[in-house]
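Q: Please give a close account of one chain of this assembly, its backbone geometry and its contact with the partner chain. A single connected description would be preferred.

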Amino acid sequence: MPVVEVPLEKWTGKIREVTLGGNGRKRVVVGGEATLPFLHFEGSIPNRPAIAIEVDDCQPAWSPHLTAAWGDVVADPVGWAKKAVEYGADIIALYLKSADPDEQNSSAAETTKVVDKVLSAVDVPLIIYGPGVAEKDNEVLVAAADAARGQRVALGNCEEKNHRTIAAACIASNHIAIARTPIDINLAKQLNILISEVGLSPNSILMDPTTGALGYGIEYSYSIMDRIRLAALSGDAMVAMPMICTVGEESWRQKEAIVTSGVPDSWGEHEQRSLLWEEITAVALINSGAGILVLRHPKTVELAKATIDKLMAR
Amino acid sequence: MALSGIQIYKFLPKTNCKKCGFPTCLAFAMKLASREVELSLCPDISEEGKAALETASRPPIRLVTIGSDSKKVEVGNEVVMFRHEKTFFHQPGLVLRISDTEPQEVVTSRVSEVAAYSVERVGLQLSLDGFAIQNKSKEAASFVSCIETVRAKTDLPLVLISDDPGAMGAGLDKTAKSKPLIYAATSDNWDKMAELSKQYQCPLAVYEPQGLTELAGLVEQVNKAGVEDIVLDPGARGFVDSLSLFTQLRRLALRKSFSLLGYPLISFPGEGAETLAEEATLCAQHIAKYSGIIVLDHFSPAMAYPLLTLRLNIYTDPQKPMRLEAGIYPINEPKADSPLMVSTNFSLTYFSISGEVESSRWPCWLVICDTEGLSVLTAWSAGKFDAERIAKAVKQFAADKVSHQRLIIPGRVSVLRGELEEELPGWEIMVGPPEAMGIGPYLKQRWAG
Ligand code: B12
Ligand code: SF4
């Protein structure tokens, strides 16, 4: 009988471990893999991908169906964060959207109060995102970093243009920077180097290689993550950071997830379609190396957790 | 793995007799290596040389066809582990399982619904590929009648599922011309199943859950019995075991040229899942990670649409984003005074807008710039969708079509407005909504008003 010997890759690199929380707060460790996603037969995978649930500091203008899944809490970031923990969030991803000049333009002092409240309301680690507007991002994130001193939160986004400010804030208060680049392995590596040069330890960096949703660029994200993971396992320590994917935000932006009527019958029933839009985006990306998924719908969270349980079972 | 010219040369007669039409054996070997010619052009090659070359030069994963010429799925012949290394070539066939214990009316209506299902995306019609018919009743008569019921409604490819060679034979008798996949040869019945596969010239699935060594052993026996068109089922059903085994099988085929396992794979996500959503999720994993034929147990449009979209995405050639020709595209029979918009030539971008405009029923002109297949923001960031290019395209394509000077630009590139006003003197540059979804309401408010 022919004897089958499964070829094992001899990886020389390993994904860095990044720890969020701790110091009285629950600790979440991501990364640490010595092989490709879930290939337990080849190398150790010490930590499971973590689920972060998005919580906004002002009522989001989401699809009614998604908002309804959360109920009244969407008007209150504290209640929302607590409920998200009940629904299984390993991490709360707090978006300080109210600081957006096109929204309430709230000040850093105001957003910091929210950060404080959420930090005391839940015992899971936090990711804190600015409104995505350069100037304001720096303002609110620097203030948030200070307020969250000792809690080891992750701050995003840290991009080429603001990396000095964010990295410095992370160094000052021992936080993690979320380094975001637009689907390009070289840019990703370069940004990690730049951030390290400012003095932030590579063990305090998460990479966001930019998420494209199912049907809207997922194949680019999927492949760039494959490439980043392969490079890291082949020994390139400057791309060996765990990856974070903003799956909820991207999926729920798409027409397939939002629109309930006036679409072809072949799109099928709205609730199931919208959930699967988020879930399938998520499952494809954990298969190409995502270490943290930021999700929106409670049911997707449940399903993604069940999937991860199964993928982590040996 | 494909052989190099030098490796092939070793097996040729080395006489440089030119009968193949090439000046030397080496020249011919080079052409063989690039697959431009057939080995049969050399009349003098020895039997051993021929056998060695045929085995060595065959694709690492065999291309297997299920179905007849008119309706078929081709799977296998993949050459990479990761799509960025080249591309994935043959997307997995998605088929729906029907059981022969279900009432005839139920079968008829499900098959009609699924066979007729198709969803449009980026100008393509996406649909399921066929059906799997399971002999759950364990009776040949019910199997045959179920096959007939399905066939009465569709000529899509089939997978016939039974471990009873008697029932399988009876079933094949009804539909052998359409070349269904026989599922499956096992350690108990492989000789009879291999016989059927040869007799009816249908591909054969080999099921062996004991391990890959046992699976390879069974394939070897089936090969010896004369069957080459094989699909493998290593028995994995859940998330982690199928990921591991399918990865191992593809590595063995590609990295080790392990020909006994160099065949496409079949999977059954419904068997490893507890809910419909989980079945869809596992199916998604199978699409990304190496399945060739995926047998679903449930169907709903809301489940099929995202899965078909994922399949399209994963199997798109990473070197060539889907794109269309630059030019002006009329939507809803526009006239000279209809709205004029501009966008990029990335298919996804184009079809997002054209779909919205169509359903809004507004007659419109859409100027498409050549942005090398990049979306609006990507192209803008890469300097391929700037005021100069847009102005040039508008002048080139719209001049003889519209009678007005108002141009709607995508909301995401509102920054281009000022520059465009300079490039197109006298024009009113209107900033449209950021998402295609907003186009209908926008036109109603802004164009009419
Ligand atoms: C996939 C992707 C890529 C792919 C390319 C995909 C492609 N074929 O275009 C790759 C990986 C190659 C890529 C590369 C780059 N990318 Co890119 N990419 C994306 C991603 C994830 C999705 C883009 C997409 O496909 N969208 C879907 C299409 C349908 O959207 P769209 O074309 O905008 O069309 C919509 C609307 O604009 C509207 N619309 C379209 N036309 C019209 C017309 C009118 C009249 C109206 C009213 C509306 C309208 O309708 C559509 C549906 O709503 C986005 C981030 C994201 N998540 O969205 C980043 C993104 C677009 N990329 C970005 C960048 C910077 C780049 C690079 C320049 C990075 C670099 N420095 O190398 C390169 C440039 C490429 C090059 N040099 O060749 C940035 C742009 C930043 C900015 N705000 O300007 C983004 C936003 C990521 C980010 N957050 O940083 N990218
Ligand atoms: S026909 Fe065969 S032997 Fe003659 S030159 Fe061609 S390859 Fe060589």
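A: The account below concerns chain B, from its overall build to single residues and then to its contact with chain A. The model is predicted.

Chain B contains 16 helices and 17 strands. Its C-alpha trace extends over about 80 × 65 × 35 Å along the principal axes. Of the 449 residues in chain B, 55% are buried. The accessible surface of the chain amounts to about 18700 Å², and carbon and sulfur atoms hold 50% of that area. Among the contacts in chain B with a sequence separation of 6 or more, 66% are between residues 24 or more positions apart.

One residue in chain B, B:R97, may be examined through its surroundings. B:R97 belongs to strand β3, which covers residues 93–99 of chain B. Is this arginine, B:R97, buried or exposed? B:R97 counts as buried because its relative accessibility is 10%, and the cut-off for that class is under 20%. Its side chain makes a polar contact of 2.7 Å with the side chain of B:Q134. A second polar contact, also given as 2.7 Å, links the side chains of B:R97 and B:D297. Once neighbours within four places in sequence are set aside, the residues in contact with B:R97 are B:R110, B:A132, B:Q134, B:I161, B:F268, B:E271, B:V295, B:L296 and B:D297. Both polar partners, B:Q134 and B:D297, thus appear in that list.

The backbone of chain B has several points that merit inspection. The peptide bond between B:Y183 and B:A184 is cis, with omega near 5°. B:A184 sits in strand β8, residues 181–185 of chain B. B:K179 is not a glycine, yet its phi is positive at about 50°. This lysine, B:K179, lies in the loop that runs between α6 (165–175) and β8 of chain B. B:K179 is partly exposed, since its relative accessible area is 27%. B:V122 likewise is not a glycine and has a positive phi, of about 35°. Its position is the loop between β4 (119–121) and β5 (124–126) of chain B. With a relative accessible area of 13%, B:V122 is buried. Chain A has a cis peptide bond as well, joining A:G156 and A:N157 with omega of about -5°. A:N157 is part of strand β6, residues 154–158 of chain A.

The contact between the chains completes the picture. The size of an interface is often expressed as the accessible area lost when the parts come together. For chain A and chain B this buried area is about 4500 Å², with 66% of it on carbon and sulfur atoms. Chain A contributes 53 residues to the contact and chain B contributes 55 residues. Between the two chains there are 8 salt bridges. One of them joins the side chains of A:R253 and B:E435, with an N to O distance of 3.6 Å. Polar contact across the interface involves 15 residue pairs, with both residues at pLDDT 80 or more. On the side of chain A that touches chain B, the elements giving two or more residues are α7 (218–233), α9 (255–258), α10 (270–286) and α11 (298–312) of chain A. By class, that side of chain A has 30 nonpolar, 14 charged and 9 polar residues.

Conventions
Residues are numbered from 1 along each chain as its sequence is written. Chains are lettered from A and ligands numbered from 1 in the order in which they are written. This is a predicted model: local features need pLDDT of at least 70, side-chain atom pairs count only at pLDDT 80 or more; totals for chains, interfaces and linings use all residues. Side-chain values use heavy atoms; hydrogens and water are left out. Contact means heavy atoms within 4.5 Å. Buried area is the accessible area (1.4 Å probe) that two parts lose on being put together, summed over both. A salt bridge is a side-chain nitrogen of Lys or Arg within 4 Å of a carboxyl oxygen of Asp or Glu. A polar contact is a pair of N or O atoms within 3.5 Å; within protein, one must be able to donate a hydrogen and the other to accept it, and residues adjacent in sequence count only if both atoms are side-chain atoms. Helices (H or I, at least four residues) and strands (E, at least two) are DSSP runs, numbered from the N terminus. Ala, Val, Leu, Ile, Met, Phe, Trp, Tyr, Cys and Pro count as nonpolar, Asp, Glu, Lys and Arg as charged, and the others, Gly among them, as polar. Buried means under 20% relative accessible area, exposed over 50%, partly exposed in between (1.4 Å probe, protein chains only). Accessible areas come from the Shrake-Rupley method with a 1.4 Å probe; for residues, only the protein chains shown count as cover.
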